[in-house]
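Here is a short briefing to read alongside the coordinates. Have the viewer open and follow along as you go.

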Amino acid sequence: MAEATTPPNDADVSAWVREHFQKANKYLAEQGIIVDRVLTKRCRYLVPLVAVWRLTTQDKKEIWAINGDVPSDFVSAKVAETARDALKHFALQWQLRAEGIVQDPEASKDPEQQRYASFLVGRAESLYEMTEQDDLWKDEPVS
């Protein structure tokens, strides 16, 4: 069981959010996606674990992006209405990706790929557990 820790103060939270927004922007730019706008009321930050960003891109598409103590990833905003639903989507997507690695005969021989599959499964399970905690989502805006 994890030790009790003091909650981060507002300055620590702001610094964490700023740092992870920069990391998300960098990751998306590496994927060829340029962020135009952050839809801040739709974003969720569960500091220090995960940030879920609702963003519009320069080509006017909306996406969900995720980062933190999880793999950086993104999907079309069409797959989920809320950040909570987006986390569920990422959890499922990562479970399927891990299963694909495990089932791939070449990847199954690669210890690095097996570690990555385990990492994905662990993070997917943690994300899903977060989505089941109603108190984390009680004030989440819809639409």
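The notes below cover one helix, one buried aspartate and a run of strands. Please keep in mind that this is a predicted model. Helix 3 turns one side to strands and another helix, aspartate 73 is buried in strand 5, and strand 4 pairs with strand 3 as well as with strand 5.

**Helix 3**

- Helix 3 runs over residues 111-131, 21 residues in total, and its first and last C-alpha atoms are 30 Å apart, close to the 30 Å expected at 1.5 Å a residue.
- Its buried residues are Ala117, Leu120, Ala124, Leu127, Met130 and Thr131.
- These residues sit on the same side of helix 3 because they cover an arc of only 145° around the axis.
- Their packing partners are strand 2 (44-46), strand 3 (50-57), strand 4 (62-68) and helix 2 (83-103).
- If you look at the other side of helix 3, you will find Pro111, Arg115, Ser118 and Glu129 exposed.
- The N-terminal end of helix 3 is capped by aspartate 110, which places a side-chain oxygen 2.9 Å from the backbone nitrogen of glutamate 112.

**Aspartate 73**

- Aspartate 73 belongs to strand 5, which spans residues 73-76.
- With a relative accessible area of 5%, aspartate 73 counts as buried, since the cut-off for buried is under 20%.
- Its side chain makes a polar contact of 2.8 Å with the side chain of tryptophan 94.
- Setting aside neighbours within four places in sequence, aspartate 73 touches Tyr27, Trp64, Ala65, Ile66, Phe90, Gln93, Trp94 and Arg97.
- Tryptophan 94 therefore appears both in that contact list and as the polar partner of aspartate 73, at 2.8 Å.**Strands 3, 4 and 5**

- Strand 4 is mostly covered, with five of its seven residues buried.
- Strands 3 and 4 run antiparallel and are joined by seven bridges.
- Among these pairings, threonine 56 has glutamate 62 in strand 4 as its bridge partner.
- Four residues separate strand 3 from strand 4 in a hairpin, and lysine 60 in the turn has a positive phi of about 70°.
- Strand 4 is also antiparallel to strand 5, with four bridges between them.
- Tryptophan 64 has valine 75 in strand 5 as its bridge partner.
- A hairpin of four residues links strand 4 to strand 5.

Conventions. Residues numbered from 1 in each chain as written. Predicted model: local features only at pLDDT ≥ 70, side-chain atom pairs only at ≥ 80, totals over all residues. Heavy atoms only, no water. Helix = DSSP H or I, 4+ residues; strand = E, 2+ residues; numbered from the N terminus. Expected span 1.5 Å × (residues − 1). Buried < 20%, exposed > 50% of the residue type's maximum accessible area, 1.4 Å probe, protein only. Arc of directions from axis to C-beta. Contact = heavy atoms within 4.5 Å. Polar contact = N/O pair within 3.5 Å; in protein donor to acceptor, adjacent residues only side chain to side chain. Pairing = 2+ DSSP bridges.
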